[in-house]
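Here is a short briefing on one protein chain. Look over the sequence and the model, then work through the points below.

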Amino acid sequence: MLAFPWMPEWNTDEIAGSYLSRMAKENGVASRVRFLRWLGFATNLSETQIMDVSELTPTWIALADKLEIGLNDMIRQLSTKPYWACFYRQNRRLPDSEVKILSRAPMAPELLLAMSHTRLQLRVCSECLVKDHESHTGVPILRRSHQLPGSLVCHIHGAKLLTACPGCGKVLVPRLNLVDLPSRCEGCGYDFTSHRDLRMDDLSPLLKLARFEHECLHSTFAPRPASDVAAFVTMVCHERRL
């Protein structure tokens with residue numbers, strides 16, 4: 001392993017892959033494989049995904065340890081697991097491997113065992129991109145709240161989240177290398193920061209659903225009644241005639 005990396009601050013809504021990619025770049029490491037090898041991982045572990053802590057693998061545990069972030073902070077503040085834990089019910093006997101993991105981590109079992117579902121498409125708010133460029137770092141980040149299943153609009157701005165380039169239709173997908181968040185389309189050069197959609201008003205069911213999901217992500221991990229979710233989904237489908 002090289003000299004210990006310079007650790008940038010993470011945003012409260014930033015997803016792990018976005019943070020680790022920023023860290024790699026700011027330490028002059030150009031690829032995911034080189035980044036993981038730089039941290040001392042074996043070659044066979046250097047191909048793992050670093051988008052979200054969808055499953056608590058030995059690689060994620062080792063990453064938290066090597067970077068001295070802490071497994072608790074890694075999961076609570078850089079992953080979507082807190083959202084999925086809201087709807088988790090433990091109804092199975094834990095295998096020995098998971099019991100060992102639980103014994104090492106000072107957090108609720110439902111938080112560790114709730115399976116996150118990594119998206120194949122990125123969701124991006126063009127207005128958040130502008131705010132990121134105006135921030136003190138000037139670097140856009142990928143937000144956890146935008147990647148949740150019911151978040152079709154930004155919970156802050158009410159703008160429709162982009163999943164594809166408005167200019168050419170190219171789908172926004174996580175890069176296989178590092179989780180970069182582009183400000184321009186790599187295909188046609190469309191400037192995402194210039195894109196504007198009509199904002200949803202506060203009574204919009206889509207905005208209410210996005211805010212509900214954001215609250216779940218930042219909740220204290222108490223399971224939510226399924227009826228709450230069903231009511232929101234029913235209302236959204238009715239309003240949108242889906």
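Which residue with a positive phi follows helix 1? That residue is Gly28, with phi near 75 degrees. The model is predicted. The protein chain has 10 helices and zero strands.

**Overall build and confidence**

- From the N terminus on, the order of elements is α-α-α-α-α-α-α-α-α-α.
- The protein chain has 242 residues, and 46% of them are buried.
- Of the contacts between residues at least 6 apart in sequence, 67% link residues at least 24 apart.
- The exposed area of the protein chain is about 12,400 Å², with 54% of it supplied by carbon and sulfur atoms.
- Mean pLDDT for the protein chain is 78, and 70% of the residues reach 70 or more.
- Confidence is highest in helix 8, at a mean of 93, and lowest in helix 6 (residues 96-104), at 49.
- Where pLDDT is low, the predicted coordinates should not be read in detail.

**Nonpolar cores**

- The largest nonpolar core holds 24 residues.
- Leu20, Phe35, Trp60, Leu63, Leu67 and Met74 are the members that touch the most other members.
- At least two residues of this core come from each of helix 1 (16-26), helix 2 (32-38), helix 3 (58-66) and helix 4 (71-78).
- Helix 1 gives the largest share, five residues.
- Another core, of 13 residues, lies apart from this one; its members include Ile15, Leu129, Leu172 and Phe192.
- In soluble globular proteins, nonpolar side chains tend to be buried together.

**Helix 1 and Arg22**

- Helix 1 is mostly covered, with nine of its 11 residues buried.
- Those buried residues are Ala16, Gly17, Ser18, Tyr19, Leu20, Ser21, Arg22, Met23 and Ala24.
- Helix 2, helix 3 and helix 4 are what the buried residues of helix 1 pack against.
- Arg22 belongs to helix 1 and counts as buried because its relative accessibility is 9%, under the 20% cut-off.
- The side chain of Arg22 makes a polar contact with the side chain of Glu14, at 2.9 Å.
- Beyond its neighbours within four places in sequence, Arg22 is in contact with Pro8, Glu9, Trp10, Asn11, Glu14, Val139 and Ile141.

**Helix 3 and Glu68**

- Helix 3 has Thr59, Trp60, Ile61, Leu63 and Ala64 as its buried residues.
- Glu68 follows helix 3 and sits in the loop between helix 3 and helix 4.
- The phi of Glu68 is near 60 degrees, which is positive in a residue other than glycine.
- Is Glu68 buried or exposed? Glu68 is exposed, with a relative accessible area of 65%.

**Cysteines**

- How many disulfides does the structure hold? The structure holds zero disulfides.
- Why does Cys125 not bond to Cys128? The two sulfurs are 3.8 Å apart, too far for a bond, because a disulfide needs sulfur atoms within 2.5 Å.
- Cys128 holds the closest cysteine sulfur to that of Cys125.
- Cys125 is buried, at a relative accessible area of 2%.
- Cys168 is in no disulfide either; its nearest cysteine sulfur, in Cys185, is 3.6 Å away.
- Cys168 is partly exposed, at 43% relative accessibility.

**Tyr190 and its surroundings**

- Tyr190 is in the loop between helix 8 (126-134) and helix 9 (205-217).
- Tyr190 counts as partly exposed, at 24% relative accessibility.
- Which side chain makes a polar contact with the side chain of Tyr190? The partner is His195, at 3.0 Å.
- Tyr190 and Gly167 are 23 residues apart in sequence, yet their C-alpha atoms are 5.8 Å apart in space.
- Leaving aside neighbours within four places in sequence, Tyr190 is in contact with Cys165, Pro166, Gly167, Ser183, Arg184, Cys185 and His195.
- Cys185 thus appears twice in this briefing: in contact with Tyr190, and as the holder of the cysteine sulfur nearest to that of Cys168.

How values were computed
Residues are numbered from 1 along each chain as its sequence is written. This is a predicted model: local features need pLDDT of at least 70, side-chain atom pairs count only at pLDDT 80 or more; totals for chains, interfaces and linings use all residues. Side-chain values use heavy atoms; hydrogens and water are left out. A nonpolar core is a set of buried Ala, Val, Leu, Ile, Met, Phe, Trp, Tyr and Cys residues joined through side-chain atoms within 4.5 Å. Buried means under 20% relative accessible area, exposed over 50%, partly exposed in between (1.4 Å probe, protein chains only). Helices (H or I, at least four residues) and strands (E, at least two) are DSSP runs, numbered from the N terminus. Contact means heavy atoms within 4.5 Å. Accessible areas come from the Shrake-Rupley method with a 1.4 Å probe; for residues, only the protein chains shown count as cover. A polar contact is a pair of N or O atoms within 3.5 Å; within protein, one must be able to donate a hydrogen and the other to accept it, and residues adjacent in sequence count only if both atoms are side-chain atoms. pLDDT is the predictor's confidence in each residue, from 0 to 100.
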